[in-house]
Amino acid sequence: MTRQLPSESDIPLHGWPPYSAIHRERIRAHAKHEAKGGSAEQTAWNAPIFLAILMEEVGEVARVFNEFALGEISEGEAQQLLYKELIQVGAMTAAWIDATEK
Ligand SMILES: [Mg+2]
């Protein structure tokens, strides 16, 4: 069975934050990584790369806390970066869940 790719036309189905932002991130990441064959949207459910990418994104969440604790970024920057990285965690998680269902 062919997996349906996330698209702009799906956004009404995910029309409120943070789901809409997670869906947009899936679309953005697919467009960025598809050409090199690295899109999570086209990765098998049991591919180890899913966990590696998800852990990378979780690590980036931790880095935001570290940089804020060390005074390297302001509270506003920390909140903005945390939002972005959590959306990326959500997008990778959603793509992986989707892969397991198809
Ligand atoms: Mg990230």
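**Briefing: a predicted three-helix model**

The secondary structure of this protein comprises 3 helices and 0 strands, where helices (H or I, at least four residues) and strands (E, at least two) are DSSP runs numbered from the N terminus. The structure is a predicted model, in which local features need pLDDT of at least 70, side-chain atom pairs count only at pLDDT 80 or more, and totals for chains, interfaces and linings use all residues. Residues are numbered from 1 along each chain as its sequence is written.

**Overall layout**

- From the N terminus on, the order of elements is α-α-α.
- The C-alpha trace spans about 50 × 30 × 25 Å along its principal axes.
- Among contacts with a separation of 6 or more, 63% join residues 24 or more positions apart; two residues are in contact if their C-beta atoms, placed from the backbone, lie within 7 Å.

**Helices α2 and α3**

- Helix α2 (residues 48-69) and helix α3 (residues 75-101) have axes that come within 9 Å and cross at roughly 165 degrees. Axes are lines fitted to C-alpha atoms, for helices over the stretch in contact, and angles run from 0 to 180 degrees between N-to-C directions.
- This angle makes α2 roughly antiparallel to α3, because angles over 145 degrees count as roughly antiparallel.
- The residues of α2 that meet α3 include Phe50, Ile53, Leu54 and Phe68, while those on the α3 side include Ala78, Leu81, Met92 and Trp96.
- By class, the contact of α2 with α3 has 14 nonpolar, 2 polar and 3 charged residues. Ala, Val, Leu, Ile, Met, Phe, Trp, Tyr, Cys and Pro count as nonpolar, Asp, Glu, Lys and Arg as charged, and the others, Gly among them, as polar.

**Burial and the nonpolar core**

- Of the 102 residues, 14% count as buried, meaning that 20 or more other C-beta atoms lie within 10 Å of the residue's own; a residue with 12 or fewer is exposed, and one in between is partly exposed.
- The largest nonpolar core (buried Ala, Val, Leu, Ile, Met, Phe, Trp, Tyr and Cys residues joined through C-beta atoms within 7 Å) consists of 8 residues: Ile22, Ala29, Ala40, Ile53, Ile87, Ala91, Met92 and Ala95.
- Two or more residues of this core come from each of α1 (19-33) and α3, and α3 gives the most, with 4 residues.

**Two residues, Tyr19 and Ala29**

- Beyond its neighbours within four places in sequence, Ala29 is in contact with Ala40 and Ala91.
- Tyr19 lies in helix α1 and is partly exposed, with 14 other C-beta atoms within 10 Å.
- Tyr19 and Ala29 are 10 residues apart in sequence and 15 Å apart in space, C-alpha to C-alpha.

Conventions
Parallel < 35°, antiparallel > 145°, perpendicular 65-115°, else oblique.
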